[in-house]
Amino acid sequence: MRRTTAITTTAIGASLLLANVVAQAAEEVGQAYLKGLGTYVFADSDRNVDDSFAGGAVGFGYALSEHFNVEFDFQKLDMDGDGTFDGGEGVGTVAYPDQDQTAVNVNLMNLYNRSGTFSPYILAGLGIVNTDAGSQDGDDLQGQLGLGVLTKLWGESVSLRTEVLARGEDASD
């Protein structure tokens, strides 16, 4: 088994602002909310995929207390293989395969300044990810750690969510 990591971000400047219309409710304690995130992937060198906008996640959450939310999300990423490699004698040049990932995650968010215009947070989560890379397909454990901020846009009803996540998986070959 090899461990791989991909850094994802869900709002890089104005270019991804439209892709990251996260219109998440600025939830109060005891309130449920919906989320949608666009994802840009900065992949590690072992993954052999291009850095690009690759999909996103949708989910729902619940404000447990003044400082904690729990979330459940569904993630879908479609990453393009980043070129070719020498497959050896008799094989020739072979393209790195595209990798499609589907995952479900449970996250815990630790929020600061929930009632303010800007509410920074730390996120940690676990999930199961299925990676389909051409002829190889496998299910693996996925962990994620992140930092972000919720910015209230329209009163108490909508917030823009920007975050940076480091995702790692105990990946099969």
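These are numbered remarks on a predicted model, from the chain as a whole down to single residues.

1. Overall make-up. The chain has 10 strands and zero helices. Read along the sequence, the order of elements is β-β-β-β-β-β-β-β-β-β.

2. Burial and contacts. The chain has 173 residues, and 42% of them count as buried. Of the contacts between residues at least 6 apart in sequence, 60% join residues at least 24 apart.

3. Surface. About 8700 Å² of the chain is exposed, and carbon and sulfur atoms supply 61% of that area.

4. Nonpolar patch. Val58, Phe74, Val104, Leu126, Ile128 and Leu141 make a nonpolar surface patch of about 560 Å². One of these residues, isoleucine 128, sits in strand β8, which covers residues 118–133. Isoleucine 128 has a relative accessibility of 44% and therefore counts as partly exposed. Membership of a patch requires over 30% relative accessible area, a cut-off that the 44% of isoleucine 128 satisfies.

5. Aromatic pair. A search of the whole structure gives one aromatic pair. The partners are phenylalanine 60 and phenylalanine 72, with 5.4 Å from centre to centre and 35 degrees between the planes, and the pair is classed as tilted. The two residues are 12 apart in sequence and link distant parts of the chain: phenylalanine 60 belongs to strand β3 (residues 52–63) and phenylalanine 72 to strand β4 (residues 68–79). The class follows from the angle, because planes under 30 degrees apart would count as stacked and planes over 60 as edge-to-face.

6. Exposure of the pair. Are these two rings' residues buried, partly exposed or exposed? Phenylalanine 60 is partly exposed, because its relative accessibility is 45%. Phenylalanine 72 has a relative accessible area of 37%, so this residue is partly exposed as well.

7. Glutamine 142. This residue lies in strand β9, residues 136–154. With a relative accessibility of 2%, glutamine 142 counts as buried, since the limit for that class is under 20%. Which side chain does the side chain of glutamine 142 meet in a polar contact? The partner is glutamine 75, at 3.2 Å.

8. Surroundings of glutamine 142. Setting aside neighbours within four places in sequence, glutamine 142 is in contact with Gln75, Ala103, Asn105, Gly125, Leu126, Gly127, Val129, Arg167, Gly168 and Glu169. Gln75 in this list is also the polar partner described above. Leu126, another contact of glutamine 142, is one of the residues of the nonpolar patch.

Terms used: Residues numbered from 1 in each chain as written. Predicted model: local features only at pLDDT ≥ 70, side-chain atom pairs only at ≥ 80, totals over all residues. Heavy atoms only, no water. Patch = residues over 30% accessible without salt bridge, like charges linked within 9 Å, V, L, I, M, F, W, Y side chains within 5 Å. Areas by Shrake-Rupley, 256 points an atom, 1.4 Å probe, with all protein chains shown as cover. Salt bridge = Lys/Arg side-chain N within 4 Å of Asp/Glu carboxyl O. Helix = DSSP H or I, 4+ residues; strand = E, 2+ residues; numbered from the N terminus. Buried < 20%, exposed > 50% of the residue type's maximum accessible area, 1.4 Å probe, protein only. Contact = heavy atoms within 4.5 Å. Phe/Tyr/Trp six-rings, centres within 6.5 Å; stacked < 30°, edge-to-face > 60°. Polar contact = N/O pair within 3.5 Å; in protein donor to acceptor, adjacent residues only side chain to side chain.
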